[in-house]
Amino acid sequence: MAEMVEIFDTTLRDGEQSPGSSMDDHEKIQMALQLDRLGVDIIEAGFPVASKQEFDSVQKVARAVEHARVAALARALPLDIQTAAAALEVARRPVLHTFIATSDLHLEHKLRMTRAQVLEAADKAVRLAKSLIPRVEFSAEDSTRSDLAYLVEVVKVAIAAGADVINLPDTVGYTTPNEIREMFRHVIANVPGADKVVFSSHNHNDLGLAVANALAAVEGGARQIECTVNGIGERAGNTSLEEVVMAMRTRHDVYSFDCNISSKELVPSSTLLSKITGMAIPYNKPIVGRNAFAHESGIHQHGVIAHARTYEIMTPESVGRNRNELVLGKHSGRAGLAKRSEALGYTLNKEELDLLYEKFIDLADKKKEVYDDDLRMLIVSMRNESFEVYHLVEVCTNSHPAMALVKLRRGDKQFSETATGDGPVHAACQAVEKIIGVNGRLEQFDIRATTPGKDALGEAYVSVSFDGKTYKGNGASTDIIEAAIQAYLNALNKYIALREVQASAPAPLAKSS
Ligand code: KIV
Ligand code: ZN
């Protein structure tokens with residue numbers, strides 16, 4: 001049997017801290033459950049000392065995850081480590097991940113510490129972490145730009161202090177495959193007890209080499225890869241989970257390692273993340289992009305029809321792509337809808353199924369063909385509604401001149417307002433704000449079709465800033481103006497809900513119509 005490589009997913013930590021990828025607690029839990037289904041070995045849930053909110057979300061993820069280990073990040077500081085350990089108390093299999101930089105550049109300009117001080121801090125951090133949590137990972141940040149002899153010293157100290165996993169990150173995406181392979185070989189050959197710990201590789205993609213570097217690190221002796229779904233992460237992102245896994249599966253002749261990933265969950269995981277964050281997946285993204293298995297040229301099409309392997313190195317089905325299957329028709333029943341939703345990774349309770357069924361019939365009335373992606377979008381927007389403060393009852397717009405009438409409901413009260421604007425979406429947002437009495441700044445607005453066809457469902461994603469903080473929202477409808485307003489209201493509802501929780505008192509009542 002081939003040796004195993006563990007998959008450490010940091011979508012919820014390194015991924016989530018990148019612009020445009022933030023998630024609320026509910027979204028993080030949804031994503032964590034999908035990662036668990038995908039079969040990752042470790043889920044890094046966050047950096048608990050960062051804020052009370054981050055602490056709570058790590059705790060919620062730790063409680064929700066059943067199979068994977070759950071990791072929390074901490075700098076090599078007592079408060080960070082104690083806070084991370086406290087957040088992990090509810091985890092079935094916790095991992096405390098502590099780190100400190102080891103390159104002279106970071107020591108001099110960021111930490112203002114000497115090499116000796118960093119050695120001492122690493123020793124203390126790992127000892128403290130180990131006294132609180134049975135499994136500890138130590139990361140030597142910026143390893144690939146660290147002096148190799150010094151890196152060996154740091155790793156010796158971390159192992160002697162009790163670390164179970166040693167991570168040597170390429171923090172700034174600077175290294176190359178040959179360099180990282182040799183770095184791992186050298187460190188592993190020169191530290192006593194290297195065979196008692198797992199070496200891990202964490203790569204950033206600034207030069208587009210993250211996946212290649214992760215694979216080279218494995219050749220050099222790493223047996224854990226840190227990565228994210230869709231490769232999201234700081235700057236140009238992290239090692240893309242789907243790419244590194246499928247490289248090991250497809251080129252098993254070269255990378256003869258196994259991992260616990262259920263590859264049919266790759267596309268569902270990628271799609272879920274994209275729907276949650278609103279970050280579109282580039283069409284040509286390997287494995288999960290829309291065009292990853294599309295053969296456009298006649299020669300290729302002919303070849304694939306004659307024998308799929310002429311131009312296909314892996315099958316779309318093996319990564320969970322269903323060739324955009326037609327799911328259900330207007331006459332499909334609740335049982336079929338529940339079964340299809342389950343196959344897409346969504347377990348619905350009775351109330352949710354009833355609501356989804358209503359929405360599905362409504363969509364099937366407007367749109368002849370309902371695809372898996374339509375169904376995913378319906379579920380995402382339905383789940384948004386369960387957190388609504390204000391519900392969109394109706395929006396009517398006119399383009400020339402641009403004006404809108406919006407009706408909202410909160411509890412059993414209905415509100416309505418009209419407004420003008422630069423265009424119908426602007427006018428409708430103005431009307432929403434008039435009703436609620438707030439003023440937001442639209443920072444980002446994306447709209448795209450969920451599936452092919454003129455009658456496609458439109459997905460809208462917005463980032464809106466209220467009181468200096470950014471809230472994301474999404475919406476879906478066959479009417480793109482309605483989708484845009486739903487997205488705007490979704491972001492606004494998050495702001496209102498938070499404001500009301502913080503004030504611990506109901507918001508001033510809006511004008512009733
Ligand atoms: O990129 C990096 O070095 C990190 C560490 C905290 C592991 O994210
Ligand atoms: Zn990182």
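Glu27 sits in helix 2 of this predicted model. Its relative accessible area is 8%, and because buried means under 20%, Glu27 is classed as buried. Apart from neighbours within four places in sequence, Glu27 is in contact with Ser22, Ile276 and Lys494.

Just before helix 2 comes a loop that links it to helix 1, and Ser18 lies in that loop. Is Ser18 buried or exposed? With 6% relative accessibility, Ser18 counts as buried. Leaving aside neighbours within four places in sequence, the contacts of Ser18 are Gly233 and Glu234.

Helix 1 and helix 2 also matter for the next element, helix 3. Both are among the elements that cover the buried residues of helix 3. That cover also includes strand 3 (42–46), strand 4 (69–75) and helix 4 (78–87). Helix 3 runs over residues 52–64 and has 13 residues. At 1.5 Å a residue it should span 18 Å, and its end C-alpha atoms are 18 Å apart, so the expected and computed spans agree. Which residues of helix 3 are buried? They are Glu54, Phe55, Ser57, Val58, Val61 and Ala62. These residues cover an arc of only 170° around the axis, so they lie on the same side of helix 3.

Helix 8 (residues 177–190) can be read in the same way. It has 14 residues, and the distance from its first C-alpha to its last is 20 Å, close to the 20 Å expected at 1.5 Å a residue. Its buried residues are Ile180, Arg181, Met183, Phe184 and Val187. Their arc around the axis is only 160°, which means that they are on the same side of helix 8. The face turned away from that buried side carries the exposed residues Asn178 and Ala189. What do the buried residues of helix 8 pack against? They pack against helix 7, strand 8 (198–202) and helix 9.

Helix 9 covers residues 210–219, and Ala214 lies in it. Ala214 has a relative accessibility of 0% and therefore counts as buried. If residues up to four places away in sequence are not counted, Ala214 touches Ser201, Asn203, Ile225, Thr239 and Val244. Ala214 can also be compared with Thr176: the two are 38 residues apart in sequence, while their C-alpha atoms are 9.9 Å apart in space.

A similar pair is found further along the chain. Asp373 is in helix 15 (residues 372–385), and with 18% relative accessibility Asp373 counts as buried. The cut-off matters for this residue, because buried means under 20%. Asp373 and Leu272 are 101 residues apart along the chain, and their C-alpha atoms are separated by 10.0 Å.

The next topic is ligand 1. Which residues surround it? They are Arg13, Asp14, His97, Phe99, Ser139, Glu141, Asn167, Pro169, Thr171, His202 and His204. Polar side-chain atoms can be followed for three of these residues. In Asp14, an N or O atom of the side chain is 3.1 Å from an oxygen atom of ligand 1. For His204, the distance from a side-chain N or O atom to an oxygen atom of ligand 1 is 3.0 Å. For Thr171, a polar side-chain atom lies 2.7 Å from an oxygen atom of the ligand. Taken alone, ligand 1 exposes 260 Å², and the protein buries 94% of that area. Helix 1, strand 5 (94–101) and strand 6 (136–141) are the elements that give two or more residues to the shell around the ligand.

Strand 6 is followed by a loop that leads to helix 7 (148–161), and Asp142 lies in this loop. Asp142 is not a glycine, yet its phi is positive, at about 60°. Most residues other than glycine have a negative phi, and most peptide bonds are trans. Asp142 is buried, with a relative accessible area of 0%.

Asp467 also has a positive phi without being a glycine, here about 50°. Asp467 lies in the loop between strand 17 (458–466) and strand 18 (469–477). Is Asp467 buried or exposed? At 67% relative accessibility, Asp467 counts as exposed.

The last stop concerns a peptide bond. His400 and Pro401 are joined by a cis peptide bond, with omega at about 0°. Pro401 is placed in the loop between strand 13 (391–398) and strand 14 (403–410).

Note on methods: Residues are numbered from 1 along each chain as its sequence is written. Chains are lettered from A and ligands numbered from 1 in the order in which they are written. This is a predicted model: local features need pLDDT of at least 70, side-chain atom pairs count only at pLDDT 80 or more; totals for chains, interfaces and linings use all residues. Side-chain values use heavy atoms; hydrogens and water are left out. Helices (H or I, at least four residues) and strands (E, at least two) are DSSP runs, numbered from the N terminus. The expected span of a helix is 1.5 Å times one less than its number of residues. Buried means under 20% relative accessible area, exposed over 50%, partly exposed in between (1.4 Å probe, protein chains only). The arc is that of the directions from the helix axis to the C-beta atoms. Contact means heavy atoms within 4.5 Å. A residue is near a molecule or strand if one of its heavy atoms lies within 4 Å of it. A polar contact is a pair of N or O atoms within 3.5 Å; within protein, one must be able to donate a hydrogen and the other to accept it, and residues adjacent in sequence count only if both atoms are side-chain atoms. Accessible areas come from the Shrake-Rupley method with a 1.4 Å probe; for residues, only the protein chains shown count as cover.
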